[in-house]
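Q: Got a minute to go through this model with me? I'd like a quick tour.

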Amino acid sequence: MDLGHFGQDVKGTDLQMMSNNLTLMYRQMITNSPCPQLFFGKPYCTEVGPKPGQGAIENIPHTPVHIWVGSKPNENNCKNGEGMGNFYSAGKDPAFYSQHANVDRMWTIWKTLGGKRKDIKKPDYLNTEFFFYDEKKNPYLVKVRDCLDNKKMGYHFQAMPSPSL
């Protein structure tokens, strides 16, 4: 998988792709993310509008994985590009859940790196709300504060080596 994929395949060996991915992850986790807002992006709020600014992790690897896994129109019987590449259908792809669990894992690792790397404290950011739907199509509200601590959500990540760090 090319973590820098934005629609065009890069030619190269598996070793080159792995090296590129490790370099990208180091840049995104260390160089480009010295504080929480640069990791996640700016908070959504009325004054800023619907696109406040992506954080490093939202930009790469989060978005490229959606694009890389997503279908193009008329590919795999997807008339409208359904799959990970389209917001309205991304959650129907099983890869969606491992993708977002990995973003949670990166946040957990990122907080252990020292410096200003710690949980967000600003109430406006923490109280940002999103509506989702459960398996019975019932809407429910999720706040950012509900999603920052994986232990509070009932799971933890096994310690593993991080070659990119």
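**Working through the model**

A: Start with the record: the unreviewed UniProt entry carries the annotation "domain: Tyrosinase copper-binding" over residues 93–104. Keep in mind that this is a predicted model.

Q: What does the chain look like over residues 93–104, helix or strand?
A: Helix makes up 83% of that stretch, and strand 0%. The C-alpha atoms at its ends are 18 Å apart.

Q: Zoom out. How many helices and strands does the protein have?
A: There are 5 helices and 2 strands. The order from the N terminus is α-α-α-α-α-β-β.

Q: And how much of the protein is buried?
A: 29% of the 165 residues count as buried. The accessible surface is about 11500 Å², and carbon and sulfur atoms account for 56% of that.

Q: What share of the contacts joins residues at least 24 apart?
A: 49%, taken among contacts between residues at least 6 apart in sequence.

Q: Let's go to the salt bridges. How many are there?
A: The structure has 2. One pairs aspartate 119 with lysine 111, with 3.2 Å between the closest N and O atoms. Another pairs glutamate 129 with lysine 143, where the closest N and O atoms are 4.0 Å apart.

Q: Where do glutamate 129 and lysine 143 lie?
A: Glutamate 129 is in strand S1, residues 129–133, and lysine 143 is in strand S2, residues 139–143. The pair therefore ties together parts that are 14 residues apart in sequence.

Q: How exposed is glutamate 129?
A: Glutamate 129 is partly exposed, at 45% relative accessible area. Its partner lysine 143 is partly exposed too, at 27%.

Q: Back to the pair with lysine 111. What is the relative accessibility of aspartate 119?
A: Aspartate 119 has 27%, so it counts as partly exposed. Lysine 111 is at 23%, also partly exposed.

Q: Switching to helix H1. Which residue there should I look at?
A: Try asparagine 21, which sits in helix H1, residues 14–31.

Q: Is asparagine 21 buried or exposed, and why?
A: Asparagine 21 counts as buried because its relative accessible area is 13%, and the cut-off for buried is under 20%.

Q: What does asparagine 21 touch, beyond residues up to four places away?
A: Met1, Asp2 and Leu3. A polar atom of the asparagine 21 side chain lies 2.9 Å from the backbone nitrogen of leucine 3.

Q: Any nonpolar patch on the surface? Which residues make it?
A: Leu15, Met18 and Leu22 make a nonpolar surface patch of about 290 Å². Leucine 15 is in helix H1. With 60% relative accessibility, leucine 15 counts as exposed.

Q: One more. Where is alanine 56?
A: Alanine 56 is in helix H3, residues 56–69. Alanine 56 is buried, with 9% relative accessible area.

Q: What is alanine 56 in contact with, leaving aside neighbours within four places?
A: Gln28, Asn32, Ser33, Leu38 and Phe39.

Q: And how far is alanine 56 from glutamine 37?
A: Their C-alpha atoms are separated by 9.0 Å, with the two residues 19 apart along the chain.

Conventions:
Residues are numbered from 1 along each chain as its sequence is written. This is a predicted model: local features need pLDDT of at least 70, side-chain atom pairs count only at pLDDT 80 or more; totals for chains, interfaces and linings use all residues. Side-chain values use heavy atoms; hydrogens and water are left out. Helices (H or I, at least four residues) and strands (E, at least two) are DSSP runs, numbered from the N terminus. Buried means under 20% relative accessible area, exposed over 50%, partly exposed in between (1.4 Å probe, protein chains only). Contact means heavy atoms within 4.5 Å. Accessible areas come from the Shrake-Rupley method with a 1.4 Å probe; for residues, only the protein chains shown count as cover. UniProt positions are given in the numbering used here, feature names are shortened, and annotations may be inferred rather than shown by experiment. A polar contact is a pair of N or O atoms within 3.5 Å; within protein, one must be able to donate a hydrogen and the other to accept it, and residues adjacent in sequence count only if both atoms are side-chain atoms. A salt bridge is a side-chain nitrogen of Lys or Arg within 4 Å of a carboxyl oxygen of Asp or Glu. Patches are made of residues with over 30% relative accessible area and no salt bridge: like charges are joined within 9 Å, nonpolar side chains (Val, Leu, Ile, Met, Phe, Trp, Tyr) within 5 Å.
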